[in-house]
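The following paragraphs lead through one protein model, from its sheet to its charged side chains. Please keep the sequence and the coordinates in view while reading.

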Amino acid sequence: MRKDRTQERRLPRRGLIVREPYATWIVEGVKTWELRKHPTRVRGPIGIVTGGRLIGQVSITGVRGPFGLQELESFQHLHRGDPEFLRRYAGGRPLWAWVLEDPEAYPRPIPVPLRPGRMLWVDLSGLADQTEP
């Protein structure tokens, strides 16, 4: 009997906090660019965290940009951002596209303890020492 792949997977050591519906779109492979105000040096697998739950993972494979809002209109099929939301988020500054590949939605979300305050990344190392249940 074959073992289920999710039972063998080790969880990523860091998670990116993403609001809905974007988080679900990322782990479903619908959204392949995550727009942020700064580039990142992070590469490889990361968890996607929303609402205090780890819902899946992707790999960051690169960064593109910086982009102005007009330039991003041509890439809406990759970032899925609403133009008005992006305008407010950017605040007149350029945005960077974090390129995402290998999306995987977990069959059951995993609770993640969050610290108070505004955060971009969550340390999942306590969860990463175990395989997904």
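How many bridges join E4 to E5, and do these strands run parallel or antiparallel? The two strands run antiparallel, and 10 bridges join them. One point of register can be located by residue: Gly56 has Ala105 in E5 as its bridge partner. The model under discussion is a predicted one, and its reliability should be considered before the details. The average pLDDT of the protein is 89, and 89% of the residues score at least 70. Residues 1–7, by contrast, have a pLDDT below 50, and beyond near neighbours in sequence this stretch has 7 contacts in the model. Where pLDDT is low, the predicted coordinates should not be read in detail.

The pairing of E4 with E5 belongs to a wider arrangement. An open sheet of 6 strands is laid out in the order E2-E5-E4-E3-E1-E6, and its pairing is mixed. Strand E2 (33–36) and strand E6 (121–123) form the edges, each of them pairing on one side only. From one strand to the next, the twist averages 40°.

The sheet may now be followed from the edge at E2. This strand pairs with strand E5 (residues 95–111) in the antiparallel sense, over 4 bridges. Within this part of the sheet, Arg36 stands opposite Trp96 in E5. On the other side of E4 in the strand order comes E3. Strand E3 (residues 44–50) and E4 are again antiparallel, with 7 bridges between them, and Gly44 stands opposite Ile60 in E4. E3 and E4 form a hairpin with 2 residues between the strands, where Gly51 takes a positive phi near 55°.

Ser59 offers a view of the surroundings of strand E4 (residues 53–67), in which this residue lies. Is Ser59 buried or exposed? Its relative accessible area is 14%, under the 20% limit, and Ser59 therefore counts as buried. Leaving aside residues up to four places away in sequence, Ser59 touches Gly44, Pro45, Val99, Leu100, Glu101 and Asp102. Of these contacts, Gly44 has already appeared as the residue opposite Ile60.

The charged side chains form a second theme. Side chains of opposite charge can pair when their charged atoms come close. The model contains 4 salt bridges. One of them joins the side chains of Lys31 and Glu34, with an N to O distance of 3.3 Å. Both Lys31 and Glu34 are buried. A network of salt bridges links Lys31, Glu34 and Arg36; Arg36 is also the residue that faces Trp96 across the sheet.

Helix H5 (residues 83–90) contains both Arg87 and Glu84. Arg87 forms a salt bridge with Glu84, the closest N and O atoms lying 2.4 Å apart. The two residues are 3 positions apart, about one turn of the helix. Glu84 also meets the side chain of Arg88 in a salt bridge, at 3.6 Å from N to O. Why are Arg88 and Glu84 separated by about one helical turn? The reason is that they are 4 residues apart in helix H5. The accessibility of the three residues can be stated individually. Arg87 is partly exposed at a relative accessible area of 45%, and Glu84 is likewise partly exposed, at 34%. Arg88 counts as exposed because its relative accessibility of 53% is over the 50% limit.

Note on methods. Residues are numbered from 1 along each chain as its sequence is written. This is a predicted model: local features need pLDDT of at least 70, side-chain atom pairs count only at pLDDT 80 or more; totals for chains, interfaces and linings use all residues. Side-chain values use heavy atoms; hydrogens and water are left out. Buried means under 20% relative accessible area, exposed over 50%, partly exposed in between (1.4 Å probe, protein chains only). pLDDT is the predictor's confidence in each residue, from 0 to 100. Contact means heavy atoms within 4.5 Å. Two strands pair if DSSP finds at least two bridges between them. Axes are lines fitted to C-alpha atoms, for helices over the stretch in contact, and angles run from 0 to 180 degrees between N-to-C directions.
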